[in-house]
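The following exercises ask the reader to work through one protein model, from single residues to cores and pockets. Each task is followed by a solution in steps.

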Amino acid sequence: MLPLLLAGCATDSAAPQTASQPAAELYARSFGVAHPATLLVVLHGDAPTANPGYQYDFARTLAAHIPDARVVALLRPGYADPQGNRSPGDRGLTTGDNYTPDRLDAVSDSLRRLRARYPQARLVLIGHSGGAAMAADLAGTRPELVDGLLLAACPCSLPEWRQHMKARLPAAPFDQPVRSLDPLQTVGGAQLDLRAVLVVGADDPITPPKFSRAYAEALALRGIATDYRVLPGKGHEILDDPEVLSAAERLAAALPKKG
């Protein structure tokens with residue numbers, strides 16, 4: 001049995017915000033302090049039927065709850081948000097086809113820039129749904145960039161998850177070959193001092209708990225400190241859940257300070 005994180009609630013408060021999109025870089029919105037001890041980067045899900053903006057709300061709330069933190073919500077390659085901001089690249093079909101090496105390169109470039117800008121900060125990478133799959137792949141293929149990992153509703157066993165979605169949506173092209181990386185195949189590259197948290201809704205029809213549990217078990221077998229929690233009665237849209245917020249707070253507090 002993997003250890004569980006205890007959840008807690010906190011009140012929201014205002015946090016400074018900036019937005020940026022230098023040439024050829026992913027669009028981002030940032031919240032929190034200018035000289036952080038902890039840098040948290042948020043990746044939204046695949047959002048097959050909408051332009052995602054919920055990641056900004058979560059980042060704003062997170063920055064208000066974690067002292068000495070900067071929280072950056074990235075807009076994944078090829079996506080637009082509800083305000084019309086757009087990141088360069090190709091969004092793809094959102095069938096598990098956009099966790100590819102080129103898209104991971106684009107996100108890792110942003111992470112490297114952020115680490116260079118905030119060299120004294122520990123970096124916690126947070127992903128929801130498809131963003132969680134990308135975060136897991138980045139932890140396994142660019143381990144030097146990630147100190148902490150929080151995955152919410154992760155399709156972390158990619159071939160099996162695509163089979164699951166094909167059964168749910170027979171008309172969608174979930175059976176077409178993809179170049180996406182499977183987190184269970186990249187987990188061997190994660191650094192051993194990584195701290196990881198996985199949270200999933202017990203009633204999630206999109207990414208049922210078995211896909212998160214398989215990845216959590218793979219991390220734990222490598223000796224990586226891993227917390228796995230199933231939220232009773234919760235579904236897929238859990239990024240704004242108080243339990244996920246609490247998990248992020250506890251993860252940030254658990255990471256050793258730099259310098």
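**Exercise 1. Determine whether S129 is buried or exposed, and identify its surroundings.**

Step 1. S129 has a relative accessible area of 7%, so it is buried; buried means under 20% relative accessible area, exposed over 50% and partly exposed in between, with a 1.4 Å probe and protein chains only.

Step 2. The model is a predicted one, in which local features need pLDDT of at least 70 and side-chain atom pairs count only at pLDDT 80 or more, whereas totals for chains, interfaces and linings use all residues. Residues are numbered from 1 along each chain as its sequence is written, and side-chain values use heavy atoms, with hydrogens and water left out.

Step 3. S129 is placed in the loop between β5 (122–128) and α3; helices (H or I, at least four residues) and strands (E, at least two) are DSSP runs numbered from the N terminus.

Step 4. Leaving aside residues up to four places away in sequence, S129 touches G45, A152, A153, C154, P155 and H236, where contact means heavy atoms within 4.5 Å.

**Exercise 2. State which sign phi takes in A47 and in A153, and locate both residues.**

Step 1. A47 has a phi near 45 degrees, a positive value in a residue other than glycine. Its place is the loop between β3 (38–43) and α1.

Step 2. In A153, also a residue other than glycine, phi is positive and near 55 degrees. A153 sits in the loop between β6 (148–152) and α4.

Step 3. A153 counts as buried because its relative accessibility is 0%. A153 is also among the contacts of S129.

**Exercise 3. Describe the setting of S108 and that of P82.**

Step 1. S108 belongs to helix α2 (residues 101–117), and its 3% relative accessibility makes it buried.

Step 2. Beyond four places in sequence, S108 touches L138, R142 and L145. S108 and R142 are 34 residues apart in sequence and 7.6 Å apart in space, C-alpha to C-alpha.

Step 3. P82 lies in the loop between β4 (69–74) and α2 and is exposed, with a relative accessible area of 51%.

Step 4. The contacts of P82, not counting residues up to four places away in sequence, are N51, P52 and G53. From P82 to Q191 there are 109 residues in sequence and 36 Å in space, C-alpha to C-alpha.

**Exercise 4. Which residues touch the most other members of the largest nonpolar core?**

Step 1. A nonpolar core is a set of buried Ala, Val, Leu, Ile, Met, Phe, Trp, Tyr and Cys residues joined through side-chain atoms within 4.5 Å.

Step 2. Among the 47 residues of the largest core, L125, L149, L151 and Y215 touch the most other members. Helix α3 (residues 130–141) supplies the largest share of this core, seven residues.

Step 3. The contacts of L149, leaving out residues up to four places away in sequence, include A135, A136, A139 and Y215.

Step 4. A second, separate core has 33 residues, including V42, Y56, I238 and A247.

**Exercise 5. How many aromatic pairs does the structure hold?**

Step 1. Rings of Phe, Tyr and Trp (its six-membered ring) pair if their centres lie within 6.5 Å; planes under 30 degrees apart count as stacked, over 60 as edge-to-face and the rest as tilted. The structure holds two such pairs.

Step 2. Y27 and Y56 form an edge-to-face pair, because their ring centres are 6.4 Å apart and their planes stand at 75 degrees. This pair links the loop between β1 (17–20) and β2 (28–32), which holds Y27, to helix α1, which holds Y56, 29 residues apart. Y27 and Y56 are buried.

Step 3. W161 and F174 have ring centres 5.8 Å apart and planes at 90 degrees, so this pair is edge-to-face. W161 is in helix α4, and F174 is in the loop between α4 and α5 (183–186), 13 residues apart. Both residues are buried.

**Exercise 6. Which residues lie closest to the centre of the largest pocket?**

Step 1. On a 1 Å grid over the protein atoms alone, a pocket is an open set of points where a 1.4 Å probe fits, with protein on both sides within 12 Å along at least five of seven lines; lining residues have an atom within 4 Å of a point.

Step 2. Of the 23 lining residues, D46, A47, P48, H236 and E237 are the closest to the centre. Helix α4 (residues 158–168) gives the most to this lining, with three residues.
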